[in-house]
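Could you walk me through this model in the viewer, one selection at a time? I would like to know what to click next and what I will find there.

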Amino acid sequence: RVLQIQPDNSAALLNRATSLLQGKRFDEAQRDYKEMLARHTTTNFRVYYGLGEIAWQKKDWRAARGFPRLRRAPATAARSKAGRRRASRTWRNSSA
């Protein structure tokens, strides 16, 4: 609803993308994350985490390897440790 009133609200767009990811609506979540990157200058690790997680869930190892920013996610982030472990396995085990 917020995005209808304030289409440039980056926090609302990120929240929607995260909700879509959690609901396993990967294509819609990916669209929102990519829109975040296109419309808003961001270094927010959650955008890259979300795109990496979508690639992982879709078993798109080549795309998953393209998110090295997960290595620099803040150590205090709730999902960053799991994301870095998953990304590390993908980078080590992928022949792509």
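Start by selecting lysine 24, which counts as exposed because its relative accessibility is 59%. Keep in mind as you look that this is a predicted model. Lysine 24 sits in the loop between α2 and α3. Colour by backbone torsion if your viewer allows: although lysine 24 is not a glycine, its phi is positive, at about 60°.

Now zoom out for a moment to get your bearings. You should find 6 helices and 0 strands in the chain, so that its elements, read from the N terminus, run α-α-α-α-α-α. The chain has 96 residues, and buried ones make up 40% of them. If you draw the contacts between residues at least 6 apart in sequence, 42% of them join residues at least 24 apart.

**Stop 1: helix α2**

Select residues 10–22, which form α2. This helix of 13 residues reaches 18 Å from its first C-alpha to its last, close to the 18 Å expected at 1.5 Å a residue. Go to its N-terminal end and show the side chain of asparagine 9, which caps the helix there. One of its side-chain oxygens lies 3.1 Å from the backbone nitrogen of alanine 11. At the other side of your selection, α2 is followed by lysine 24, the residue with positive phi where you began.

Next, show the side chains that α2 buries: Ala12, Leu13, Leu14, Ala17, Thr18, Leu20 and Leu21. What do these buried residues pack against? Add residues 2–5, 26–39 and 45–57 to the view, and you have their partners, α1, α3 and α4.

For a contrast, click on serine 19, also in α2. Serine 19 is partly exposed, with a relative accessible area of 47%. Draw a distance from its C-alpha to that of alanine 29: the two are 7.9 Å apart in space and 10 residues apart in sequence.

**Stop 2: α2 against α3**

Keep α2 and α3 on screen and hide the rest. Two packed helices are described by the angle between their axes and the distance between the axes. Here the axes of α2 and α3 come within 8 Å and cross at roughly 155°. That angle makes α2 roughly antiparallel to α3. The crossing is left-handed.

To see the contact itself, show Ser10, Leu13, Leu14, Arg16, Ala17, Thr18, Leu20 and Leu21 on the α2 side. On the α3 side, the residues that meet them are Phe26, Glu28, Ala29, Arg31, Asp32, Tyr33, Glu35, Met36 and Arg39.

One residue of α3 deserves a click of its own: aspartate 32. Is aspartate 32 buried or exposed? Its relative accessibility is 0%, so it counts as buried. Leaving aside neighbours within four places in sequence, aspartate 32 is in contact with Leu13, Arg16, Ala17 and Leu20.

**Stop 3: α3 against α4**

Swap α2 for α4. The axes of α3 and α4 are 10 Å apart, and the helices pack at an angle of about 150°. These two helices are therefore roughly antiparallel to each other. Their contact is made on the α3 side by Phe26, Ala29, Gln30, Tyr33, Lys34, Met36 and Leu37. From α4 come Arg46, Val47, Tyr48, Gly50, Leu51, Ile54 and Gln57. The crossing of α3 and α4 is left-handed.

**Stop 4: inside α4**

Bring back the whole chain and keep α4 selected. α4 has 13 residues and reaches 18 Å between its first and last C-alpha atoms, close to the expected 18 Å. Why is α4 described as largely enclosed by the rest of the structure? Of its 13 residues, 11 are buried, so the rest of the structure largely encloses it. Show them in turn: Phe45, Val47, Tyr48, Tyr49, Gly50, Leu51, Gly52, Glu53, Ile54, Ala55 and Trp56.

**Last stop: lysine 59**

Step just past α4 to lysine 59, where phi is positive, at about 60°. Lysine 59 is not a glycine either. You will find it in the loop between α4 and α5, the latter being residues 61–65. With a relative accessible area of 58%, lysine 59 is exposed. For a final view, select it together with lysine 24, which is exposed at 59% relative accessibility.

Definitions and conventions
Residues are numbered from 1 along each chain as its sequence is written. This is a predicted model: local features need pLDDT of at least 70, side-chain atom pairs count only at pLDDT 80 or more; totals for chains, interfaces and linings use all residues. Side-chain values use heavy atoms; hydrogens and water are left out. Helices (H or I, at least four residues) and strands (E, at least two) are DSSP runs, numbered from the N terminus. The expected span of a helix is 1.5 Å times one less than its number of residues. Buried means under 20% relative accessible area, exposed over 50%, partly exposed in between (1.4 Å probe, protein chains only). Contact means heavy atoms within 4.5 Å. A polar contact is a pair of N or O atoms within 3.5 Å; within protein, one must be able to donate a hydrogen and the other to accept it, and residues adjacent in sequence count only if both atoms are side-chain atoms. Axes are lines fitted to C-alpha atoms, for helices over the stretch in contact, and angles run from 0 to 180 degrees between N-to-C directions. Angles under 35 degrees count as roughly parallel, over 145 as roughly antiparallel, 65 to 115 as roughly perpendicular and the rest as oblique. A crossing is left-handed if the near helix is turned anticlockwise from the far one by less than a right angle, and right-handed if clockwise.
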